[in-house]
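The exercises below are meant to be worked through with the sequence and the coordinates open side by side. Please attempt each task before reading its solution.

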Amino acid sequence: MIEVSNPKAQFLSHRKDIECAISRVLNSGWFILGKEVEEFEKEFALYNEVEHAIGVGSGKEALHIALRALDIGVGDEVITTSHTAVATASAIVMSGASPVFVDIDPRQFTLDPNAIEKSITKKTKAVIAVHIYGHPCDMNPILEITKQYGIKIIEDCAQAHGSRYNDKRVGSIGDIGCFSFYPTKNLGAIGDGGALVTSNEEIAVKVRLLREYGWKKRYISSEEGWNSRLDELQAAILRVKLKHLDTDNGHRQNHAKKYREMLELLPLDLPKSQSNASHVYHLYVIQTDKRDALRKYLTKHGVQTSIHYPIPIHQQSYYREIVGDVSLPITEKIASRILSLPIYPELGADELTNVIDAIKQFNHSL
Ligand SMILES: Cc1ncc(COP(=O)(O)O)c(C=O)c1O
């Protein structure tokens, strides 16, 4: 079976360095918030061209902590998309704020900037811009509107490590950028992990405090805070992988190019990056009206696929109760058409050809 993503292949390609990093941590005898996290935070901040990076327990916690660091909670509204991992909405709800879902741009699947202004109320405190599948949101118009209304921007970069918008790294454009290091991500740990990035000193201090019991000084809390600490093992592993992130993203982009060259003439909608953005193809998502039949055919022919995501968040019963009846025509339309094809840096040329051939055969058989 050719898998959609393959964290094991990534481990094997850096095995020696990862095992060496693990052994270094084990022999240090220091497992939580030590030298490895400190160094990783410096390296990750430098990579993202920001002043501060703070390691936390997961991408979801990064988002939740970001909202608290911006003093967003009960009675506030946060605008975001329904076409995202449920973690984005869950962080908003857990903060006490209300999610306000807006529709997406049909080409990039990212937040439609034109939809924001209509949804702004006196309660709106922030926009969470999700750089879904690895493609940045169109940030300039989003920045313009949020500035006009005095609204904060949190970038959800969980799927877009290393991607750029107008030469700026995602995460460095809004007030805070939130990352996940879930193993299948473009920068993935061997377990859970996350980080926040910002160039705002005040926010960085608050985030550091919130990730560990609200400690201002060791054992002395100024508020309740979380226990959301990136551990030393994950930080050491991430330090190894961060060195390869740009090369790995390059492999993903080459695979995407090949998919495009070989599938362009078929009746499929293929992903494409905007001219002012770099797509890092965390996922390669095509659209077709024959999605379910194609998926079944590919499974039968040894190609795993996935759907990100099958039910938009606003249509899931738990969230429907919170947000009521919301109509998001583009989000709703694509949910039945999207299909994620295999893509990861180590995907071989033969495997890619097999996926492409299977898709072509399916089309010939119609
Ligand atoms: C867009 C998005 N936001 C947030 C998250 C949450 O990250 P984590 O799984 O590390 O909590 C994910 C991960 O699936 C994601 O894809």
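**Exercise 1. Tyr 213 and its surroundings**

Leaving aside neighbours within four places in sequence, find the residues with which Tyr 213 is in contact, then place Tyr 213 in the fold and decide whether it is buried, partly exposed or exposed.

Solution. Start with the contacts, where contact means heavy atoms within 4.5 Å: beyond its neighbours within four places in sequence, Tyr 213 touches Ser 221, Glu 223, Glu 224, Gly 225, Trp 226, Asn 227 and Arg 229. Before going on, note that this is a predicted model, in which local features need pLDDT of at least 70 and side-chain atom pairs count only at pLDDT 80 or more, while totals for chains, interfaces and linings use all residues. Residues are numbered from 1 along each chain as its sequence is written, and side-chain values use heavy atoms, with hydrogens and water left out.

Next, locate the residue: Tyr 213 sits in the loop between helix H8 (201-211) and strand E10 (215-217), where helices (H or I, at least four residues) and strands (E, at least two) are DSSP runs numbered from the N terminus. Across a separation of 15 residues in sequence, the C-alpha atoms of Tyr 213 and Ser 228 lie 8.7 Å apart in space.

Finally, apply the burial scale, on which buried means under 20% relative accessible area, exposed over 50% and partly exposed in between (1.4 Å probe, protein chains only). Tyr 213 has a relative accessible area of 29% and is therefore partly exposed.

**Exercise 2. Aromatic pairs**

Determine the geometry of the ring pair formed by Phe 109 and Tyr 133, and then that of the pair formed by Tyr 213 and Trp 215.

Solution. Rings of Phe, Tyr and Trp (its six-membered ring) pair if their centres lie within 6.5 Å, and planes under 30 degrees apart count as stacked, over 60 as edge-to-face and the rest as tilted. The structure holds 11 aromatic pairs. For Phe 109 and Tyr 133, the ring centres are 5.0 Å apart and the planes stand at 65 degrees, so the pair is edge-to-face. This pair links distant parts of the chain, 24 residues apart, since Phe 109 lies in the loop between strand E3 (98-102) and helix H6 (116-119), and Tyr 133 in the loop between strand E4 (124-130) and helix H7 (139-149). Phe 109 is buried at 5% relative accessible area, and Tyr 133 is buried at 2%.

For Tyr 213 and Trp 215, the ring centres are 5.0 Å apart and the planes are at 65 degrees, so this pair is edge-to-face. Trp 215 is buried, with a relative accessible area of 16%. Elsewhere, ring pairs join Phe 40, Phe 44, Phe 179 and Phe 181 into a cluster.

**Exercise 3. Two buried polar side chains**

Identify the polar partners of the side chains of Asn 186 and Ser 82.

Solution. A polar contact is a pair of N or O atoms within 3.5 Å; within protein, one must be able to donate a hydrogen and the other to accept it, and residues adjacent in sequence count only if both atoms are side-chain atoms. Asn 186, in the loop between strand E8 (176-180) and strand E9 (194-198), is buried at 3% relative accessible area. Its side chain makes a polar contact with the side chain of Asn 249 (2.9 Å) and reaches the backbone oxygen of Val 280 at 3.0 Å.

Ser 82, in the loop between strand E2 (77-81) and H5, is buried at 1%. The side chain of Ser 82 makes a polar contact with that of His 314 (2.7 Å) and reaches the backbone nitrogen of Ile 313 at 3.0 Å.

**Exercise 4. The ligand shell**

Which residues come nearest to the ligand, and which helix gives the most to the shell around it?

Solution. Counting a residue as near if one of its heavy atoms lies within 4 Å, there are 15 residues around the ligand, of which Gly 59, Lys 60, Asp 156, Gln 159 and Ser 180 come nearest. Helix H4 (59-69) and helix H5 (86-95) each supply at least two shell residues, and H4 gives the most, with three. Among the polar contacts, a ligand oxygen lies 2.8 Å from a polar backbone atom of Gly 59, and a ligand oxygen lies 3.0 Å from a side-chain N or O atom of Lys 185.
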